Amino acid sequence: MLVASAWQYNVWFIPVRWAFQLDLSRKWIYSNHYVWFTFDYLCDFIYFLDMFIFKVRLEFVEEGKKIDEYSLTKAHYLKSKLFKVDLCALLPLEVGYYYFGYQGWPVLLRLPRLLKFPSYDDFVTKCEQNLKSAHLFRILKTLMYLIFVIHITACLYFAMSTDQGIGKNAWVYQGHVHIPFFSAYIRCFYWALKTVTAIGNSEFPTTSRELLFNMANYLVGVFFFAIVIGQLREVLDAAGSSQSSFRMQSDAVLSHLRRRNIPPYLIDKARMWFEHVWATQKMLDEKEALDAVPVRLRAEIALNVHMKF
């Protein structure tokens with residue numbers, strides 16, 4: 001989780017520090033470079049610990065066997081492609097700060113830190129696998145990606161406005177470069193939200209570059225909304241199909257009992273049993289659900305379940 005948090009810090013704040021030219025003479029947290037350096041090197045330290053303390057002990061499977069011996073796990077990690085990617089993610093390109101400064105485009109020297117994405121993706125995948133509402137988690141993840149796209153759009157919008165000239169025309173950002181960071185960012189985020197989601201009117205672009213930028217934002221917005229709608233449909237279909245299938249089976253059994261003139265109290269017992277099964281396991285045949293699991297693992301699961309009672 002620490003590695004995922006460090007990666008999130010880098011992926012969200014590197015664009016902000018590149019796009020928004022902050023006034024170092026002001027005493028905000030956003031413009032105090034010592035605060036940025038503290039967070040930067042704390043994240044780098046987390047990356048270092050992940051590589052040489054945790055990843056070298058990461059278990060792996062070889063020929064169906066779980067390998068957890070330290071010497072083997074260390075050798076496996078050091079020979080893997082993941083080690084090379086993690087090593088590139090810690091390239092000390094910040095030495096360029098001494099030659100180019102540490103504000104504006106030199107912040108992009110930290111972009112290799114984003115190569116830690118496989119570790120972040122692995123964390124998200126494990127969270128998704130361990131949650132009961134996996135579909136809901138996917139929807140929230142997609143919405144977070146959409147917010148991130150809006151965040152990047154806001155940063156690019158301010159950078160383009162700075163390059164062309166603040167207030168030069170109606171399309172660019174209207175304000176001053178050295179206003180408080182949050183005030184400038186929230187206005188750019190609002191503009192990006194209107195543009196990407198197409199929920200509001202924005203000023204018509206006056207140059208070809210501005211027009212291309214708006215078109216790209218519209219296309220990205222349509223793409224994300226299509227994904228969200230598709231995932232919502234998957235959630236509804238998955239929840240409805242399993243429940244409707246279970247209800248069809250229970251209705252068929254109860255109808256059969258009525259045709260056979262079974263006493264009402266037994267029919268009520270059968271109905272209560274079906275309600276209990278749906279409330280506890282959401283299926284009738286547990287054996288069918290475990291058919292894909294190897295026999296030995298199936299036996300261990302059955303033993304664990306029965307040992308609880």
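Helix H2 passes helix H4 in a left-handed crossing. In this predicted model, the axes of H2 and H4 (residues 81–89) come within 10 Å and cross at roughly 155°. The cut-off for roughly antiparallel is an angle over 145 degrees, so H2 counts as roughly antiparallel to H4. On the H2 side the contact is made by Tyr47, Met51 and Phe52, and on the H4 side by Phe83, Asp86, Leu87 and Ala89. Sorted by class, these residues are 6 nonpolar, no polar and 1 charged.

H2, which spans residues 33–54, also packs against helix H1. The axes of this pair come within 10 Å, and the crossing angle is roughly 145°. H1 passes H2 in a left-handed crossing. From H1, the residues that meet H2 are Leu2, Val3, Ala6, Trp7, Tyr9, Asn10, Phe13 and Arg17. Their counterparts in H2 are Trp36, Phe39, Asp40, Cys43, Ile46, Tyr47 and Asp50. By class, this contact has 11 nonpolar, 1 polar and 3 charged residues. Tyr47 of H2 appears here in the contact with H1, and Tyr47 is also listed in the contact with H4.

H1 has a further packing partner in helix H6. H1 covers residues 2–19 and H6 covers residues 117–130. Their axes lie 9 Å apart, at an angle of about 125°. Angles from 65 to 115 degrees would count as roughly perpendicular and those over 145 as roughly antiparallel, so at about 125° H1 is oblique to H6. The crossing of H1 past H6 is left-handed. Val3, Ala4, Trp7 and Gln8 make the contact from H1, while Phe117, Ser119, Tyr120 and Phe123 make it from H6. The classes here are 6 nonpolar, 2 polar and no charged residues. Val3 and Trp7 take part in this contact with H6, and both also meet H2.

Helix H9 runs over residues 208–259. Two of its residues can be followed individually. Ile229 lies in H9 and has a relative accessible area of 57%. The cut-off for exposed is over 50%, so Ile229 is classed as exposed. Its C-alpha atom is separated by 9.1 Å from that of Ile139, although the two residues are 90 residues apart along the chain. Arg233 is also found in H9. With a relative accessible area of 60%, Arg233 is exposed as well. Arg233 and His135 are 98 residues apart in sequence, and their C-alpha atoms are 10.0 Å apart in space.

These helices belong to a protein chain with 12 helices and 2 strands. Along the sequence the order is α-α-β-β-α-α-α-α-α-α-α-α-α-α, which places H1 and H2 before the two strands. Among contacts between residues at least 6 apart in sequence, 64% join residues at least 24 apart. Of the 309 residues in the chain, 33% are buried. The chain exposes about 20200 Å², and carbon and sulfur atoms supply 66% of that area.

Conventions
Residues numbered from 1 in each chain as written. Predicted model: local features only at pLDDT ≥ 70, side-chain atom pairs only at ≥ 80, totals over all residues. Heavy atoms only, no water. Helix = DSSP H or I, 4+ residues; strand = E, 2+ residues; numbered from the N terminus. Buried < 20%, exposed > 50% of the residue type's maximum accessible area, 1.4 Å probe, protein only. Contact = heavy atoms within 4.5 Å. Areas by Shrake-Rupley, 256 points an atom, 1.4 Å probe, with all protein chains shown as cover. Axes fitted to C-alpha atoms, helices over the stretch in contact; angles between N-to-C directions. Parallel < 35°, antiparallel > 145°, perpendicular 65-115°, else oblique. Left-handed = near helix turned anticlockwise from the far one by under 90°. Nonpolar A, V, L, I, M, F, W, Y, C, P; charged D, E, K, R; others polar.
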